[in-house]
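Work through these two exercises with the structure on screen. Try each task before you read its solution.

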Amino acid sequence: AYQTVAGQNSNNSVRLTNAFLDAVLQGDTWDLIRRTDGGVHKTLQARDLWDDIAFAAWSCADPGLQFDTTINEWHTCPAGGRINASNPCSEYMFLDDTACNLSSVNLMKYRREDGSFDIDGFRHACRLWTITLELSVLMAQFPSREIAQLSFEYRTLGLGFANLGSYLMVSGVPYASAEGNAICGAISAIMCGTAYATSAQLAEELGTFPRFAENRDDMLRVIRNHRRAAYNAEPGMYEGLTVTPQGIDPNLCPKELLAAAREAWD
């Protein structure tokens, strides 16, 4: 095992555009572009490069994939520039020279003995931790002046959850199943919608983050798309997306979770 973990102080990712993925599907060639002068360094079959990526990931778990086109179509603040990369573990996708204070909620704490999910308790935790993370922006230390400045201008928060695998396992739901996807989608929707709503309430009292106004239209478009996914909208109903997201399947998601997910985005 130790022979295959070289570079594990970092995670290696490959950023892929929809154009590359289309070239793979269609059997076309792909140009490798030099960063130095923008010229074509080499042309090869897109599928050969895709096979190399897949084999490397199978053999040593790197590289991960970043779906560049989709990431930027869901970008809430494009007025500040495009998203080029993520933090090393890829939880955080945002502008260069920004940072995100992260916190995780343990899902197993919200599984009741009868197997149901404590939705009210989970919502309460999401609300409290959004406020806590907002406070932490003022308390954090940053590695550079640029990162500190943009952290104040965008006030990026990172609320996530842990132990999804354990939660599904003890619930008897296969991790990679369609039912597991529906449950995960609903829990994610409740968390994200609650965090956005809490953020809006904070903004009502304290004002928006400084860069909100220039990004308002894009942010609201992304929020509307989140709501459509909670309602499993038809492909043509999304705004500005090339790839239709996987919505929450109402036939597989527990009714209480589905209702809470939709309510969060309403």
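**Exercise 1.** Which helix gives the most to the lining of the largest cavity?

*Solution.* Start with the ground rules. This is a predicted model, in which local features need pLDDT of at least 70, side-chain atom pairs count only at pLDDT 80 or more, and totals for chains, interfaces and linings use all residues. Residues are numbered from 1 along each chain as its sequence is written, and side-chain values use heavy atoms, without hydrogens and water.

Step 1: find the space. The structure has 1 cavity of 30 Å³ or more (a set of points on a 1 Å grid where a 1.4 Å probe fits but cannot get out). The largest cavity holds about 30 Å³.

Step 2: list the lining (residues with an atom within 4 Å of a point). Arg15, Gln66, Asp68, Ile71, Asn72, Ile83, Asn84, Ala85 and Met93 line the largest cavity.

Step 3: pick the helix (a DSSP run of H or I, at least four residues). Helix H3, residues 68-73, gives the most, with 3 residues.

Step 4: sort by class. The lining has 4 nonpolar, 3 polar and 2 charged residues.

**Exercise 2.** At roughly what angle do the axes of helix H4 and helix H7 cross?

*Solution.* Step 1: read the axes (lines fitted to C-alpha atoms over the stretch in contact). Those of H4 (residues 119-139) and H7 (residues 178-206) come within 9 Å and cross at roughly 50°. H4 is therefore oblique to H7 (not under 35 degrees, over 145 or 65 to 115).

Step 2: give the hand. The crossing of H4 and H7 is right-handed (the near helix is turned clockwise from the far one by less than a right angle).

Step 3: class the contact residues (heavy atoms within 4.5 Å). The contact of H4 with H7 has 8 nonpolar, 5 polar and 3 charged residues.

Terms used
On a 1 Å grid over the protein atoms alone, a cavity is a set of points where a 1.4 Å probe fits but cannot get out, and a pocket is an open set with protein on both sides within 12 Å along at least five of seven lines; lining residues have an atom within 4 Å of a point. Grid points are joined across faces, edges and corners, and a volume is the space filled by probe spheres set on the points. Helices (H or I, at least four residues) and strands (E, at least two) are DSSP runs, numbered from the N terminus. Ala, Val, Leu, Ile, Met, Phe, Trp, Tyr, Cys and Pro count as nonpolar, Asp, Glu, Lys and Arg as charged, and the others, Gly among them, as polar. Axes are lines fitted to C-alpha atoms, for helices over the stretch in contact, and angles run from 0 to 180 degrees between N-to-C directions.
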